[in-house]
Amino acid sequence: EPSKTFVWEGRPRPKGDKYSHIEVSSDPIFAVFAEKKSATKTRIPRPEPGLDEEYGVDHAEVERRKHAVGKTLKCPYCDEKMTKWEVPNTPFIQWETQFMYICFNDYCPYMLGGWDTMRKQGNPGFSYRLMYDPERNTFKPTPIPSIRALKATVVCERG
């Protein structure tokens, strides 16, 4: 396929960058990427979240809870409070909002079942956490390579 280019330069340094105080723009990123045409013209399917019955998920209860997440901010799979998460400043994903909510319960059946689902789909060593977009009232899986992933940009909310 035809290659594409991406340039990210002249942007301000992120908060917390050790050089942000000198008001020099961030280091530039120059990327070239392309997709190789397959001889069979079939694409590898994108991993899909799934939960086996062994994780004790009542799917009807999950659907009921999903309708209340906008008010409760609780994960529909484990009923634990979701955590406000600041989306990263990256040139590769253009987020449409500044914050999302993620379930960081390390015993959530959604994340626990994700390890098995990803392994079965050819992605061993990964799982996902449930992410909630409050502006669109939508859910999406966000991939993680470990249970520590994504925790660096948790927003501490004061009472």
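1. Two strands are taken to pair if DSSP finds at least two bridges between them. In this predicted model, β3 and strand β4 (residues 99–102) meet that condition, being joined by four bridges in an antiparallel arrangement. One of the residues involved is Lys-84, whose bridge partner in β4 is Tyr-101.

2. Strand β4 also pairs with β5, again in the antiparallel sense, here over two bridges. Ile-102 has Met-131 of β5 as its bridge partner. β4 is therefore linked by bridges to β3 and to β5.

3. Leu-73 belongs to the loop that connects α2 (69–72) with β3 (83–86). The residue is buried, at a relative accessible area of 18%, a value that falls under the 20% limit for that class. Beyond its neighbours within four places in sequence, Leu-73 contacts Glu-80, Lys-81, Met-82, Tyr-101 and Tyr-132. A separation of 9.3 Å is found between the C-alpha atoms of Leu-73 and Ile-102, which stand 29 residues apart along the chain.

4. The largest nonpolar core comprises 16 residues, and those touching the most other members are Cys-75, Tyr-77, Met-82 and Cys-108. Two or more residues of this core come from each of α3 (109–120) and β5 (127–133). The greatest contribution is that of β5, with three residues. A second core, separate from this one, has six residues, among them Trp-85, Val-87, Phe-104 and Met-131.

5. The cysteines merit a separate comment. Cys-108 is buried, with a relative accessible area of 2%, and it touches Cys-75, Tyr-77, Cys-78 and Cys-103 when residues up to four places away in sequence are not counted. Cys-103 is likewise buried, its relative accessible area being 3%.

6. How many disulfides does a search of the whole structure find? The search returns zero. For Cys-103, the closest cysteine sulfur is that of Cys-78, and the 3.6 Å between the two sulfurs is too far for a bond. For Cys-108, the closest is the sulfur of Cys-75, at 3.7 Å, which is also too far. The cut-off applied to a pair of cysteine sulfur atoms is 2.5 Å, so neither of these pairs is assigned as a disulfide.

7. Ser-127 is located in strand β5 and is buried, at 0% relative accessibility. Its side chain reaches the backbone oxygen of Met-111 at 2.6 Å. With residues up to four places away in sequence left out, Ser-127 touches Met-111, Gly-114, Trp-115, Met-118, Thr-142, Pro-143 and Ile-144.

8. Two residues with positive phi should be noted. Asn-137, in the loop between β5 and β6 (138–144), has a phi near 55 degrees although the residue is not glycine. Asn-137 is partly exposed, with a relative accessible area of 43%. Leu-150, also not a glycine, has a positive phi of about 80 degrees and is found in the segment after β6. Its relative accessibility is 22%; Leu-150 counts as partly exposed because buried status requires a value under 20%.

How values were computed:
Residues are numbered from 1 along each chain as its sequence is written. This is a predicted model: local features need pLDDT of at least 70, side-chain atom pairs count only at pLDDT 80 or more; totals for chains, interfaces and linings use all residues. Side-chain values use heavy atoms; hydrogens and water are left out. Buried means under 20% relative accessible area, exposed over 50%, partly exposed in between (1.4 Å probe, protein chains only). Contact means heavy atoms within 4.5 Å. A nonpolar core is a set of buried Ala, Val, Leu, Ile, Met, Phe, Trp, Tyr and Cys residues joined through side-chain atoms within 4.5 Å. A polar contact is a pair of N or O atoms within 3.5 Å; within protein, one must be able to donate a hydrogen and the other to accept it, and residues adjacent in sequence count only if both atoms are side-chain atoms.
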